[in-house]
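Visitor: I would like to learn how to read a few features of a protein model, going slowly from one residue outwards. Could you guide me through it?

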Amino acid sequence: MLIADRILAAMQPGQWYGVRDLINGSGCTRDAVHAKLYQVLVRDGLATRAANPKWDGQRACRVGETRAVVEPRYLWRLTAKGEKRRSTQ
């Protein structure tokens with residue numbers, strides 16, 4: 001199965017995902033997920049990106065700080081075209 005198809009399979013219609021969610025759901029590496037999101041899914045109109053309204057401006061934990069949840073800066077979801085392709089896999 002192609003990496004882009006593995007990412008599509010990990011996404012449910014109407015749901016928003018952070019990159020970490022897509023890494024965990026697809027079993028692909030961070031670099032592979034980032035590359036395919038832009039090189040295939042966005043380019044082909046299968047997924048869209050939006051700013052996460054819950055993002056607090058922090059990219060990672062500071063040294064010595066523990067945070068239960070680090071909100072991603074951007075979220076991803078399937079477009080209608082992406083939902084259709086996902087349903088035909």
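**Reading one residue, its partner and a pocket**

Guide: Let us begin with Asp 5, which has its place in helix H1. Please keep in mind throughout that this is a predicted model.

Visitor: Is Asp 5 buried or exposed?

Guide: Asp 5 has a relative accessible area of 14%, and because buried means under 20%, Asp 5 counts as buried.

Visitor: Leaving aside its neighbours within four places in sequence, which residues is Asp 5 in contact with?

Guide: Once those neighbours are set aside, Asp 5 is in contact with Arg 85 and Gln 89. With Arg 85 there is also a polar contact, made between the two side chains at 2.8 Å.

Visitor: How should I read a pair such as Asp 5 and Arg 85?

Guide: The general idea is that side chains of opposite charge can pair when their charged atoms come close. In this structure, the side chains of Arg 85 and Asp 5 meet in a salt bridge, with 2.8 Å from N to O. Arg 85 lies in helix H4, residues 80–87, while Asp 5 lies in helix H1, residues 3–10, so the pair ties together parts that are 80 residues apart in sequence. As for accessibility, Arg 85 counts as partly exposed, at 27%, whereas Asp 5 is buried.

Visitor: How many salt bridges does the structure hold?

Guide: The structure holds 2 salt bridges. Besides the pair just described, the side chains of Asp 44 and Arg 43 meet in a salt bridge, at 2.9 Å from N to O. Here Asp 44 is partly exposed, with a relative accessible area of 27%, and Arg 43 counts as exposed, at 58% relative accessibility.

Visitor: Now I would like to turn to empty space; how much of it lies in the largest pocket?

Guide: As a general idea, rolling a probe the size of a water molecule over the atoms shows where empty space is left. In this model, about 460 Å³ of space lies in the largest pocket. Its lining is made by 17 residues, of which Val 19, Arg 30, Pro 72, Arg 73 and Tyr 74 are the closest to the centre.

Visitor: Which elements give two or more residues to that lining?

Guide: They are helix H2 (19–26), helix H3 (30–42) and strand E2 (74–78).

Visitor: And how do the residues of the lining divide into nonpolar, polar and charged?

Guide: The lining of the largest pocket has 7 nonpolar, 3 polar and 7 charged residues.

Notes. Residues numbered from 1 in each chain as written. Predicted model: local features only at pLDDT ≥ 70, side-chain atom pairs only at ≥ 80, totals over all residues. Heavy atoms only, no water. Salt bridge = Lys/Arg side-chain N within 4 Å of Asp/Glu carboxyl O. Helix = DSSP H or I, 4+ residues; strand = E, 2+ residues; numbered from the N terminus. Buried < 20%, exposed > 50% of the residue type's maximum accessible area, 1.4 Å probe, protein only. 1 Å grid on protein atoms, 1.4 Å probe; cavity = no way out; pocket = protein on both sides within 12 Å on 5 of 7 lines; lining within 4 Å. Points joined across faces, edges and corners; volume = space filled by probe spheres on them. Nonpolar A, V, L, I, M, F, W, Y, C, P; charged D, E, K, R; others polar. Polar contact = N/O pair within 3.5 Å; in protein donor to acceptor, adjacent residues only side chain to side chain. Contact = heavy atoms within 4.5 Å.
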